[in-house]
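Visitor: Could you take me through one part of this structure slowly, strand by strand? I would like to see how the pieces sit against each other.

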Amino acid sequence: MRPIYEENEETLEISENISSHISPHLHKSMELVSVTEGTLELGIGTELYHMEKGDFAIIFPELIHHYQVFNQNSCKAIYALASPILGSGYTKDLQQMCPANPVIPAPDVHPDVNYALRSMLVYPALSQEHVLHQAFIQIILARTFPLFHLIDKSTVGSDDIIYQTVSYIAAHYTEELTLPKMAHDLGISQSSLSRVFSGTFHMNFNRYLNEARLDYACNLLLHSNHTVLDICIQAGFESQRTFNRVFQERYHASPREYRNQMKK
């Protein structure tokens, strides 16, 4: 499941994937995670939460989070991104609060939660399924919210440089963006900002920026009819040549080949 930074009201994306390392990011959706094989490490802010098979977690919107996989065996999980609008009745808490511990151990996960997740996997994320998706999300939230101790979201690392960096990229990645401009806008030195990318994200500024743009481009390739050139421009790439090159490096296919393969 790739991070998405721009969603419409009816956004729901769900899939069961092999778990892998995903760098710190944030988005406007709530993210639901259910481990189906192996283990998974979920990081939120400065905390790391261990997840076993059957464990379930909700990452509230606008929280920096990342994933790590330390187990060399097969690790899989169901990942769902759902717009807060699907959680009508819980929207205020989703926007303002977050769980002190987002993980619910397998023995405490209500069967309705797994039923709703599996049911959503069956139905395509299309606008005509909006009411059905909303019902399943409501079931999940109704069965999990009573188990969470909610705290003010502003207390979870909102003032540190990592949060500022991720938030800034999420808001500006489609624009013409450079490391000096970003450092200036955040009021920090370029060297300090470079250390965030290398030390925390384990990649340089340009690669992290391209990763965010590729995530958005992939979403458009799969869920829109825009041309490859339009997607390249919307995602913020300076040229289609650059877009094709970084896309090929990551997915070992051209954007057009990727779109055709995934639709098949």
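Guide: Happily! Let us start with β1 and strand β8, residues 76-82, which run antiparallel to each other and are joined over seven bridges. To find your place along this pair in the predicted model, look for Glu-16, which lies opposite Ile-78 of β8. Another marker is Ile-18, whose bridge partner in β8 is Lys-76.

Now turn to the other neighbour of β8. Strand β3 also pairs with β8 in the antiparallel sense, again over seven bridges. Here Ser-34 is the residue that faces Ile-78 in β8. Ile-78 is therefore a handy landmark, with Glu-16 opposite and Ser-34 opposite as well. As a general reminder, the strands of a sheet pair through backbone hydrogen bonds, in either a parallel or an antiparallel way.

Stepping back, these strands belong to an open sheet of five, ordered β1-β8-β3-β6-β10, and the pairing is antiparallel. The edges are formed by β1, residues 12-18, and β10, residues 103-104, each of which has a pairing partner on one side only. Against this sheet packs helix α2, residues 111-122, which touches β1, β3 (30-37), β6 (56-59) and β8. The direction of helix α2 makes about 100 degrees with that of β1.

What does this mean for β8 itself? Six of its seven residues are buried, so β8 is largely enclosed by the rest of the structure.

If you follow the chain on from β6, you come to the loop between β6 and β7 (65-68), where Leu-63 is found. Leu-63 counts as buried because its relative accessibility is 4%, under the 20% cut-off. Beyond its neighbours within four places in sequence, Leu-63 is in contact with His-25, Leu-26, Ile-44, Cys-98, Lys-153 and Val-156. Take Ile-44 from that list: it lies 19 residues from Leu-63 along the chain, and 7.0 Å separates their C-alpha atoms.

One last point before you zoom in further is confidence. The mean pLDDT of the protein chain is 88, with 92% of its residues at 70 or more. Residues 1-10 are a stretch where the pLDDT is below 50, although the model gives this stretch 40 contacts beyond near neighbours in sequence. Where pLDDT is low, the predicted coordinates should not be read in detail.

Key: Residues numbered from 1 in each chain as written. Predicted model: local features only at pLDDT ≥ 70, side-chain atom pairs only at ≥ 80, totals over all residues. Heavy atoms only, no water. Pairing = 2+ DSSP bridges. Helix = DSSP H or I, 4+ residues; strand = E, 2+ residues; numbered from the N terminus. Contact = heavy atoms within 4.5 Å. Axes fitted to C-alpha atoms, helices over the stretch in contact; angles between N-to-C directions. Buried < 20%, exposed > 50% of the residue type's maximum accessible area, 1.4 Å probe, protein only. pLDDT = per-residue confidence, 0-100.
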